[in-house]
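Biologist: I would like to go through this model slowly, one question at a time. Please put it in front of us first.

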Amino acid sequence: MLRRNKRTRKDAVPIMAAVALLACQWAYAQYFVSIGAYRAAETAEELAAEATEKAAMTFSSRAADTPDGDIYRVVAGPFDSRDEAQSGATRAREAGYVDGWIVTFGMPAAARPVTEAGVDDLLDAPLDSIGVDELSLDDWSLDDDLPPIEVLLEGLPDIPPVEPAPATAAPIEPVQEVVVPENYRLNRLRRDARAQPEARGGPGTFRARMKWYTSGRTLPVGDALREQTGESNPLAHNADLRLMWRPRVGAIKLHVDHSTVWLRSEAAGRSPGLTFDQTPTGDARRLMDLTWGDKAADADGMQRLHRLDRFAAEYQGKRFRVSIGRQALSWGGGMVFQPMDLFNPFSPTTVDQDYKAGDDMVLIERLFSDGSDLQVLAVARRESAEGAARGDVAEASSSIAAKYAMVLNDSELELMAARHYGEQVVGAGMRIPLGGALLRSDLVWTRAEGRVHLSAVVNADYTFGLAGSPVHVFAEYFHNGFGVGELPADLADLPTSLLKRVALRGELFNLMQNYLAAGTSFQWHFLLNQTLAVLTNLHDYSYVAQTALNYDASNASRLQVGFAVPIGSAGDEFGTLAVGDDVTVGGGEQGFVRFVRYF
């Protein structure tokens with residue numbers, strides 16, 4: 001309401017005219033783009049500063065008072081139209097904030113906050129003592145258009161009072177607050193290159209991540225690794241200190257991440273279909289060799305090495321960005337399987353997905369005013385070589401690709417074309433909201449060795465509130481165009497195109513054609529959540545069940561404990577596979593403990 005001050009009737013005329021004019025306006029809506037909510041103000045402010053720089057639009061931290069304490073939300077806006085908000089949400093996602101969504105508020109125009117300067121401009125009359133004591137938003141309506149996040153909101157937002165501004169002050173932005181539950185968390189089981197913000201704290205500052213990871217396996221009798229090492233329950237350890245630096249030199253921003261890695265494994269190798277860890281240990285096929293130290297394990301299975309995992313220079317304008325050097329990129333909408341992601345995709349069972357391995361590339365991105373986005377890149381790679389020698393850079397080993405993403409009302413369409421390892425690749429993807437769920441699909445055609453292979457993924461996910469906590473569920477179907485309908489007796493007889501993608505390129509992690517994945521994420525406590533996923537081979541009906549408990553000791557640290565159980569018979573993909581007389585690979589349970597701390 002407006003403050004009631006003693007005025008003459010003549011002084012009241014401008015006020016009455018302003019109120020009448022505002023009351024005659026049609027109801028309007030304002031739109032915000034939200035990318036996260038946190039209990040720590042410092043964390044939210046750092047993310048807001050980082051997102052403002054990366055997405056080329058202004059984000060801020062907004063505090064909301066809940067019965068259990070303050071929640072700090074990172075939002076951009078307000079936007080006056082849905083198209084502008086959609087463009088902002090697209091820009092946020094392309095900058096790496098993949099779970100950005102639109103929050104829509106509608107209210108009568110008469111309730112719209114009006115600053116003193118705004119009324120002066122409208123009526124050209126001085127209003128020296130008009131202020132806003134409070135804003136009542138009882139008739140605001142909430143319409144969240146990018147489900148399923150805002151279904152967790154309880155009740156309508158409360159807006160704190162806006163302090164009156166001096167008559168000489170510039171117009172103030174109305175403070176818009178959204179109350180979210182204390183247990184609110186963005187946990188989407190996403191497979192994205194930027195699952196963690198890169199280096200909070202602003203340009204030129206150092207940040208660090210310390211990781212400790214230990215995994216253990218049970219090897220069945222007759223397993224090749226067990227026969228070779230004599231270990232029936234081998235352990236693997238991984239310690240990683242990642243230093244991140246983001247200096248700026250004029251208009252150029254540098255991305256420099258140095259990793260000091262210590263690895264020890266009692267039995268090197270992995271079970272088919274189960275890859276818990278994908279820590280890079282060399283650059284044999286990359287353009288630049290930025291790894292030094294023990295690139296090969298010694299007799300005790302130990303490696304100590306240093307590596308520059310990010311080493312790139314970036315120039316960003318208002319509508320475009322150019323970056324050159326080692327960097328990471330993810331394409332496609334798969335949650336477990338990634339047929340459209342041609343560049344170091346994660347395995348379906350990989351635990352550490354904070355940082356994706358980078359490639360040496362030139363990346364050009366162009367953002368258009370309608371929210372569409374164009375990415376063009378070139379990746380240089382070397383041919384394989386024997387021993388320690390590095391092969392020559394070759395066109396047949398390199399990639400050139402482009403992806404165009406456009407907004408179609410509430411949906412998104414992606415088109416991709418590439419020449420990858422000398423093969424022609426074309427892809428298309430859709431993102432369609434359906435009620436409270438989000439449907440994604442990718443189709444990828446690859447011409448290789450005289451044949452066209454069609455790979456596809458379709459998934460849907462939904463988040464809902466249960467007993468005051470968010471529960472996320474998803475399901476995904478994957479068709480592997482390079483897979484086989486039946487496994488051969490000898491794995492060496494698998495098609496060459498499949499073996500290259502599994503053993504050499506690291507683009508595929510499964511051998512057969514059709515798979516189904518389903519999972520959920522839920523909270524036992526606001527600091528403790530659990531994920532559960534099941535991967536099923538639809539040919540032999542073997543499957544892998546994987547679960548993890550995640551304890552957030554603070555905003556900067558996480559402890560994870562989990563295990564995976566493959567279930568299948570002899571000859572099944574997730575069972576045991578023969579590789580010789582009475583010698584097998586695969587099968588056996590795996591467990592892990594992982595601790596991560598950010599500084």
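Biologist: Which residues of helix H6 are buried?
Modeller: This is a predicted model, in which local features need pLDDT of at least 70 and side-chain atom pairs count only at pLDDT 80 or more, while totals for chains, interfaces and linings use all residues. Residues are numbered from 1 along each chain as its sequence is written, and side-chain values use heavy atoms, leaving out hydrogens and water. Helices (H or I, at least four residues) and strands (E, at least two) are DSSP runs numbered from the N terminus, and buried means under 20% relative accessible area, exposed over 50% and partly exposed in between, with a 1.4 Å probe and protein chains only. In H6, residues 496-504, the buried ones are Ser497, Leu498, Arg501 and Val502.

Biologist: How wide an arc around the axis do these residues cover?
Modeller: An α-helix has 3.6 residues a turn, so residues three or four places apart point the same way. The arc is taken from the directions that lead from the helix axis to the C-beta atoms. The buried residues lie on the same side of H6 because their arc is only 120°.

Biologist: Which exposed residues does the face of H6 turned away from its buried side carry, and which strands are included in what covers the buried residues?
Modeller: The face turned away from the buried side of H6 carries the exposed residues Ala503 and Leu504. For the cover we use contacts, meaning heavy atoms within 4.5 Å. Among what covers the buried residues of H6 are strands E17 (423-434), E18 (437-448) and E19 (451-466).

Biologist: Which residues have the most contacts inside the largest nonpolar core?
Modeller: A nonpolar core is a set of buried Ala, Val, Leu, Ile, Met, Phe, Trp, Tyr and Cys residues joined through side-chain atoms within 4.5 Å. The largest has 31 residues, and those with the most contacts inside it are Phe337, Leu487, Leu494, Leu498 and Leu511.

Biologist: Which elements each supply at least two residues of this core?
Modeller: One of them is H6, the helix we began with. The others named are strands E20 (469-479), E21 (514-525), E22 (528-537) and E23 (543-554).

Biologist: What is Leu487 in contact with, leaving aside its neighbours within four places in sequence?
Modeller: Leu487 is among the residues with the most contacts inside the largest core. Outside those near neighbours, Leu487 is in contact with Leu494, Leu511, Met512, Gly571, Asp572, Glu573 and Leu577.

Biologist: Is Gln546 buried or exposed, and which residue's backbone oxygen lies 3.3 Å from a polar atom of its side chain?
Modeller: Gln546 lies in strand E23 and has a relative accessible area of 15%, so Gln546 is buried. A polar contact is a pair of N or O atoms within 3.5 Å where, within protein, one must be able to donate a hydrogen and the other to accept it, and residues adjacent in sequence count only if both atoms are side-chain atoms. At 3.3 Å from a polar atom of the Gln546 side chain lies the backbone oxygen of Thr349.

Biologist: How far apart are the C-alpha atoms of Leu549 and Gln560?
Modeller: Leu549 is in strand E23 as well, and it counts as partly exposed because its relative accessibility is 36%. Beyond four places in sequence, the residues that Leu549 touches include Leu559, Gln560 and Val561. Although Leu549 and Gln560 are 11 residues apart along the chain, their C-alpha atoms are separated by 5.6 Å.

Biologist: What is the phi of Asn409, and what is that of Tyr421?
Modeller: Most residues other than glycine have a negative phi, and most peptide bonds are trans. Asn409, in the loop between strands E15 (399-408) and E16 (411-420), is exposed at 72% relative accessible area, whereas Tyr421, in the loop between E16 and E17, is buried at 16%. The phi of Asn409 is positive, about 55°, and that of Tyr421 is also positive, near 55°.

Biologist: Which residues does a cis peptide bond join?
Modeller: One partner, Pro78, has its place in strand E3 (residues 69-79). With omega about 10°, the cis bond joins Gly77 and Pro78.

Biologist: What pLDDT does the protein chain average?
Modeller: pLDDT is the predictor's confidence in each residue, from 0 to 100. It stays under 50 over residues 1-28 and is below 50 over residues 106-203. In the protein chain, 73% of the residues score at least 70, and the average is 77.
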